[in-house]
Amino acid sequence: MPAHIQLLEPADSVRKSVSTKLALANRAKLGQYMTPAPIARFMSSLFPPSTLQTCVLLDAGAGVGSLSSAFLDRWAMQDGFLFQQADVETYEIDPHLRNHLAEALTTYAEHLPIRWNINSQDFIEAAALQIMAPKRYTHAILNPPYKKIDSRSSHRIVLRKAGIETVNLYSAFVALSLALMKHGGHMVAILPRSFCNGPYYRPFREYILQHAALHHLHLFTSRTKAFQEDGVLQENVIIHLECGGEQGSVTVSHSTDDTFSDLISQEHPFSRIVFPQDSEKFIHVPTSSEHTAIELSKNVRATLSSLGITVSTGPIVDFRLLEHIQTSPKPHTVPLLYPGHFREQRLCWPKDGIKHGNAICMNASTKKWLYPNGFYTVVRRFSSKEEKRRIVASVVRPDAFPGNDYLGFENHLNVFHIDKHGLPEAIAYGLAAYLNTSAVDEAFRRFNGHTQVNATDLRNMLYPDQSALRELGEWARGQASFAQTMTDQQVRKLIQ
Ligand SMILES: C[S@@+](CC[C@H](N)C(=O)[O-])C[C@H]1O[C@@H](n2cnc3c(N)ncnc32)[C@H](O)[C@@H]1O
């Protein structure tokens, strides 16, 4: 029977002092954002009780050992773990952190029947070599490094050979750890929320949902607070997966920050989390058990493709076409539209003092990127955190650019079009009005944790049908100015 010890608190002081000393460059390079003790403790509490004799624990990218410490503390406190023995396998690439990790594990070994090992190898390379070997791990607890994997890097090559297609170290760590786990093994990991709906994470979502059951999702609703000491600005989620487990309902919990003082938790059917027909396999994090008005509406069932409309990222990537961009319109140029040309819902073009430009030369190099002048609905890709709504849509009217046959849409805008041509006027207005409603905003926030609005996100949403969009558009076109409550009311009539 293990002794009553709790070493997470001392490990946490080590974490704090080490974190402040970590070289900033290394931090970014190795994704060194350490887990504060309350989060580590919460993560360890998500493992189900276990009657296993021997636990084989994986802590990949272990830092100073905060997560292993929280896991071992739970065992030591006899809180549901009845192991007789534990093998703790850690990976840590940074020699400085390995010293602290060794100290922590040595102390645990004085009190608990554990064997431990610290691997100094790169986890991706080591794990990829082991995935064909017999599965070892019964438990894994992870706060993996976050860093983009370059498409030509050795990591990408190793991963591809192992059959794992992914774009960030954190998703690679989770996929590889799952591949090393025994059937019925449990993993708890803290990850940026981006994998839930980022377009590049689709293979990763498919991989985890195919190999494991998702039992718990915890969302920190404050972007700034979970890793505030480290200045990490993103929403984080904690997931509990069971390797090869049967998918049942999912517990979804929320807390503002790592004090967990306002923790709320609810069960949801899995079909609420990953919609059955969704080929993108978006992972939704419902904020309540109620469905959004949009999800409930029988009148919002059209897909963009059924409407014959496409949404694309603005095709003008300005740094590739710099030599053709002009501050002001001249003969042989056409208007170039940036997000800066839209304020609230209004277009202001040309704009004095705009940083980038107002026009682009029309010539053999640029013509293929231009659209004929017409009505378009545009949505900025990056909203600021202060902005009330994430989706900010505006209408581009052809009469704003008299004498111009073509328009350029810059890459920070999403553009709705029909086969690279304009939309019918009423549809352009109807789409913008619909996208600017609070109901759409609410539905969007359920599955999108960041301020970026990708064309894929817009493509995967549901829309009112043609006639409803037209009707809405006729109404919106007649409005002198944009008023949130009036738009909401108008759309509410439509979607009821
Ligand atoms: C986000 S930190 C988390 C540390 C620890 N798990 C915690 O929760 O406090 C990720 C850790 O992974 C380590 N790391 C980064 N790349 C690695 C790699 N390829 N193999 C093994 N460890 C790595 C970093 O040095 C860092 O300590």
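Q: In which sense do strand 1 (residues 54–60) and strand 2 (residues 85–91) pair, parallel or antiparallel?
A: In this predicted model, seven bridges join strand 1 to strand 2. One bridge links Val56 with Asp87 of strand 2. The sense of the pairing is parallel.

Q: Which strands stand at the edges of the sheet?
A: Let's look at the whole sheet: nine strands form an open sheet with mixed pairing, in the order 3-2-1-4-5-7-6-8-9. An edge strand here has a single partner strand, so one of its sides is left without a neighbour in the sheet. From one strand to the next, the twist averages 15 degrees. The strands at the edges are strand 3 (114–119) and strand 9 (264–268).

Q: At about what angle to strand 1 does helix 4 (residues 66–76) run?
A: Helix 4 lies across strand 1, strand 2 and strand 4 (137–142). The angle between helix 4 and strand 1 is about 160 degrees.

Q: Which strands does helix 5 (residues 95–111) touch?
A: Helix 5 packs on the sheet, and its direction makes about 175 degrees with that of strand 3. The strands it touches are strand 2 and strand 3.

Q: Is Leu431 buried or exposed?
A: Leu431 is found in helix 12. Leaving aside neighbours within four places in sequence, its contacts are Thr377, Ala393, Phe416 and Leu469. Since the cut-off for burial is 20 or more other C-beta atoms within 10 Å, the 30 C-beta neighbours that Leu431 has inside 10 Å make it buried.

Q: How many Å apart are Leu431 and Phe416, C-alpha to C-alpha?
A: Phe416 is among the contacts of Leu431, yet the two are 15 residues apart in sequence. Their C-alpha to C-alpha distance is 8.8 Å.

Q: Where is Asp419 found, and what is its phi near?
A: Most residues other than glycine have a negative phi. Asp419, though not a glycine, has a positive one. Asp419 is exposed, with 7 other C-beta atoms within 10 Å. Its place is the loop between strand 20 (413–417) and helix 12 (425–435), and its phi is near 50 degrees.

Q: Is Lys420 exposed or partly exposed?
A: Lys420 is in the loop between strand 20 and helix 12, with a positive phi of about 65 degrees. Within 10 Å there are 14 other C-beta atoms, so Lys420 is partly exposed.

Q: Which residues does the cis peptide bond join?
A: Most peptide bonds are trans. The cis bond here has an omega of about -10 degrees, and Pro350 lies in the loop between strand 14 (346–347) and strand 15 (359–361). The residues joined are Trp349 and Pro350.

How values were computed: Residues numbered from 1 in each chain as written. Predicted model: local features only at pLDDT ≥ 70, side-chain atom pairs only at ≥ 80, totals over all residues. Helix = DSSP H or I, 4+ residues; strand = E, 2+ residues; numbered from the N terminus. Buried ≥ 20, exposed ≤ 12 C-beta atoms within 10 Å, placed from the backbone. Contact = placed C-beta atoms within 7 Å. Pairing = 2+ DSSP bridges. Axes fitted to C-alpha atoms, helices over the stretch in contact; angles between N-to-C directions.
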